[in-house]
Amino acid sequence: PEAAEQRLHALGYADPASALRHLQSLTSGVSRRAAIQRTLLPVLLGWFADAPDPDAGLLGFRRVSDALGSTHWYLRLLRDESAAAERMAQVLASSRYATDLLLRAPESVAMLADDSELAPRSLAMLLVEANAALARHDDPEAAVAAVRSLRRRELFRTAVAELVHVSGVDQSGVSLSDVASATMAAALQVAMSVVEASTGGALPMRFTIIGMGRFGGHELGFGSDVDVMFVYEPFDGADEQAANSAAFSVANELRRLLMVPSADPPVDVDADLRPEGKQGPLVRSLDSYRAYYERWSSGWEAQALLRADVAAGDEELGAAFLKLIDGLRYPPGGIGEEQVREIRRLKARMESERL
């Protein structure tokens, strides 16, 4: 044991004694599982050692093996597909984020064997799959939980693709944004159904979600909030107050469903980039946005709107909103000196407060 610990220390393991305990647990016994792991581990230990955190890699391998070791395909995949085994070692010893996602659904290790499995799914494919997940559940929370499970799988796919250089950071931003859009679209369907059922009639308005910030710019990161604005438009003849109340209920139910505690990563929906920020109404009608931007909008808001894009909901209403803000965010001749100074003052204040 002392010589083994010295060898592990030489390989770069920070806690050789703990690593040795993991090895003993993985290889003890006469089972087929132990025999295969005795064959795999000498190679895996070297791959873990080549990555940033060998100790985390070995611990992650033990946890995944404890979850999947009794399945007929897991160890055979690692034994017969060396590329899958090497990728798994790289992921486990490089990213605690990806490891946590894998441990929540260990069967995802199967996608490591094939580059095509790591290729990003298009938004259209994600929407089809999300709608299929909704169709399998009558309970609203269970339906959205199924969609969040789909999102977790896609987060893992995107993280691994970046880690093993199947795709780059730019592609990851687009992929993560598409996953967020599909998740929001599915959750919006459920939220509207819940509000419709609670009011006992059809909703009196159209509703759309505008992506802002990195979400609107299709460049989300793994830790990004999902910045949004909520827009509605009453149907012809509908009562404005009833439409506003229904839209407010839909937005709140959407956020509640996406933030229900679960084993899957939460979707942090942030609506603070709306007019007047946290002090402003959570939802506004298209006419209300028009009135605000025509009268009160400031230079920094026009800058924030540069990345605004339709994320989910009624496409026609979303297109009308983008048409409304185009004159504000793309003014003829550009913005004036006063607006430039205002943006610079705001930027300096943010840097001072945050740094």
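Which residues lie nearest the centre of the largest pocket? They are Leu 273, Trp 300, Leu 346, Met 350 and Arg 354, out of 19 lining residues.

Before going further, a word on what you're looking at. This is a predicted model, in which local features need pLDDT of at least 70 and side-chain atom pairs count only at pLDDT 80 or more, while totals for chains, interfaces and linings use all residues. Residues are numbered from 1 along each chain as its sequence is written, and side-chain values use heavy atoms, with hydrogens and water left out.

The pLDDT is the predictor's confidence in each residue, from 0 to 100. Here its mean is 93, and 100% of the residues reach 70 or more. Confidence is highest in strand β1 (residues 205–211), at 98, and lowest in helix α15 (residues 299–304), at a mean of 85. Helices (H or I, at least four residues) and strands (E, at least two) are DSSP runs, numbered from the N terminus.

Back to the pockets. On a 1 Å grid over the protein atoms alone, a pocket is an open set of points where a 1.4 Å probe fits, with protein on both sides within 12 Å along at least five of seven lines; lining residues have an atom within 4 Å of a point. A volume is the space filled by probe spheres set on the points, which are joined across faces, edges and corners.

| Pocket | Volume | Lining | Top contributor |
|---|---|---|---|
| Largest | about 820 Å³ | 19 residues | α17, eight residues |
| Second largest | about 270 Å³ | 15 residues | α11, seven residues |

In the largest pocket, α15 and α17 (337–354) each supply at least two lining residues. For the second largest pocket, α9 (123–135), α11 (169–199) and β5 each do so.

Now for some salt bridges (a side-chain nitrogen of Lys or Arg within 4 Å of a carboxyl oxygen of Asp or Glu). The whole structure holds 21 of them. Arg 96 pairs with Asp 53, their closest N and O atoms 3.4 Å apart. Arg 96 sits in helix α7 (residues 96–104) and Asp 53 in the loop between α3 (32–49) and α4 (54–68), so the pair ties together parts 43 residues apart in sequence.

Asp 314 and Arg 206 also meet in a salt bridge (3.4 Å, N to O). This pair links distant parts of the chain, 108 residues apart: the loop between β5 (309–313) and α16 (315–329), and strand β1. Finally, Glu 129, Arg 153, Glu 154 and Arg 157 are linked in a salt-bridge network.
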